[in-house]
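Visitor: Could you take me on a close look at one part of this structure, the nonpolar patch on the surface? I would also like to hear about its surroundings.

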Amino acid sequence: MSIGEYFDFVLTRTEAMYNIVQFEGHGSFWLVFVIGIFFGGIIQYTRVDKFEKIAGFAMGKDTIIPKMLFLAIGITSIALYFEIQMGYASYHPKPIILQGLIMGGIIFGVGMAIMGKCPGTGPISIAEGRIDVLVGAFGGILGGWLFTKYYDDFFKPLMGHDYGKSTLVSVGGDYATFFVFVFGIALILIAILIPKMELFDDADLSLLEHDERPDVKAEKEHEEFELVK
Amino acid sequence: MKRRLPWWLGGILMSLLLLFTFSVFGADRPIGASTYVPYYAGILFGMDPEHYTYLKEIEKAGAWEGVMLLGVFVGGFITSVFITKSFRFSVRPTAWKVYKNTSVKSRLIWSFFSGFLLIIGARLAGGCTSGHFLSGMSQTAFSSMIFGGVVLATLLVTGKLFYNTGEPK
């Protein structure tokens with residue numbers, strides 16, 4: 001492929017990306033773009049994309065990630081169930097490809113602890129100036145290329161058997177509503193009951209006024225925290 | 001102005017965003033954030049989707065996430081500059097310096113390697129923190145609960161083994 005051909009290829013593919021999102025019934029280009037802005041904004045505003053939050057959780061020094069994650073899942077699981085009952089949405093669960101889930105989960109967990117990011121929070125950290133995460137993204141792109149190239153011969157067979165897309169709702173039958181409530185409320189309770197611990201990064205707070213700093217607030221309210229410099 | 005959102009408000013807002021995205025008024029689909037990586041890799045490496053089964057499989061999901069991630073990038077940049085005042089260039093996280101080592105080379109090599117692991121892992125499992133944890137568990141999917149359990153356990157074990165979490169240096 002010459003440079004001219006490569007340039008044409010990238011343009012054609014980018015145009016195809018736009019057309020799929022704009023015309024195939026899952027929102028429009030701008031709607032999906034705005035969903036992304038909010039997704040990135042909420043995560044950045046809560047600072048849960050920080051190394052100190054994600055790797056800090058892996059080290060047992062910060063619990064904001066599980067608290068926020070379980071609360072969001074708990075509320076959404078109950079509300080989504082009723083949204084679907086009213087006909088405003090539908091379920092799109094992922095299949096139980098057991099071997100793939102377990103192997104993938106282990107590899108993913110190791111990567112997440114070391115990088116201190118996941119594929120959704122990584123771009124946010126790059127956007128706020130984290131050069132190491134940009135280097136990590138190159139590793140990710142290499143992984144994506146390798147996975148695509150050897151999907152048929154290596155990765156697909158590795159993932160093993162597909163056990164279907166069952167969910168608590170699909171196996172719950174007449175008790176589905178009850179199961180969803182128990183599941184959602186349990187997660188919300190877990191989110192609230194996990195003791196709050198925070199690992200703050202002084203460099204991240206250095207531009208804030210004294211009374212805007214979360215560590216000052218945590219100190220005042222006698223919460224458990226640690227400040228690294 | 002509040003410079004940091006508390007976790008509970010972040011959780012509620014994230015829940016509202018998920019509910020909107022799932023609904024027919026939004027995108028009538030879940031939020032995912034790892035399929036875009038092989039999708040972008042296919043574009044960057046000049047891979048013709050006609051010749052790769054996987055690119056055909058992810059054509060639609062990859063495009064959707066590809067556009068969403070552009071928004072994520074912009075959203076993160078806006079809040080980091082104007083709200084949280086956390087935009088700055090850095091190559092080593094502060095906690096890495098305290099609990100791992102002070103070498104730039106070490107951080108960059110580990111970053112590259114762990115970025116690679118994240119994507120191989122997410123693609124084997126068919127999702128990541130967004131697709132499985134947030135969207136999948138909200139649908140009470142067993143696949144996502146299995147993934148969630150394995151990731152939580154591995155994350156905590158790796159964190160204990162990889163970092164020197166005793167007394168700060």
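Guide: Happy to; we start at the patch and then move on to a helix, a strand pair and two cysteines.

A word on the ground rules: this is a predicted model, in which local features need pLDDT of at least 70 and side-chain atom pairs count only at pLDDT 80 or more, while totals for chains, interfaces and linings use all residues. Residues are numbered from 1 along each chain as its sequence is written, chains are lettered from A and ligands numbered from 1 in the order in which they are written, and side-chain values use heavy atoms, with hydrogens and water left out.

The nonpolar patch draws on both chains: A:Phe82, A:Met86, A:Tyr88, A:Phe181, A:Ile185, A:Leu189, A:Ile192 and A:Leu193 are joined by B:Phe20, B:Val24 and B:Phe25, and together they have about 1100 Å² of accessible area. Patch members have over 30% relative accessible area and no salt bridge, and nonpolar side chains (Val, Leu, Ile, Met, Phe, Trp, Tyr) are joined within 5 Å. A salt bridge here is a side-chain nitrogen of Lys or Arg within 4 Å of a carboxyl oxygen of Asp or Glu. Areas come from the Shrake-Rupley method with a 1.4 Å probe, and for residues only the protein chains shown count as cover.

Helix H10 of chain A (residues 176-193) gives the patch its largest share, five residues. Helices are DSSP runs of H or I with at least four residues, strands are runs of E with at least two, and both are numbered from the N terminus. A:Phe82 belongs to helix H4 of chain A (residues 64-85) and is partly exposed, at 34% relative accessible area. Buried means under 20%, exposed over 50%, and partly exposed in between.

Back in H10 of chain A we find A:Ala176, which is buried at 4% relative accessibility. Leaving aside residues up to four places away in sequence, A:Ala176 touches A:Tyr81 and A:Val169, where contact means heavy atoms within 4.5 Å. A:Tyr81 is 95 residues from A:Ala176 in sequence, yet their C-alphas are 9.4 Å apart.

Next comes strand E1 of chain A (residues 197-201), largely enclosed by the rest of the structure because four of its five residues are buried. E1(A) pairs in the parallel sense with strand E2 of chain A (residues 224-228) over five bridges; pairing takes at least two DSSP bridges. Within this pair, A:Leu199 faces A:Glu226.

Finally, the cysteines: A:Cys118 is buried at 6% relative accessibility, and B:Cys128 is buried at 0%. The sulfur of A:Cys118 has its closest cysteine sulfur in B:Cys128, at 6.3 Å, so the two are too far apart for a bond. With a disulfide taken as two cysteine sulfur atoms within 2.5 Å, the count over all chains is zero.

Technical notes:
Patch = residues over 30% accessible without salt bridge, like charges linked within 9 Å, V, L, I, M, F, W, Y side chains within 5 Å. Buried < 20%, exposed > 50% of the residue type's maximum accessible area, 1.4 Å probe, protein only.
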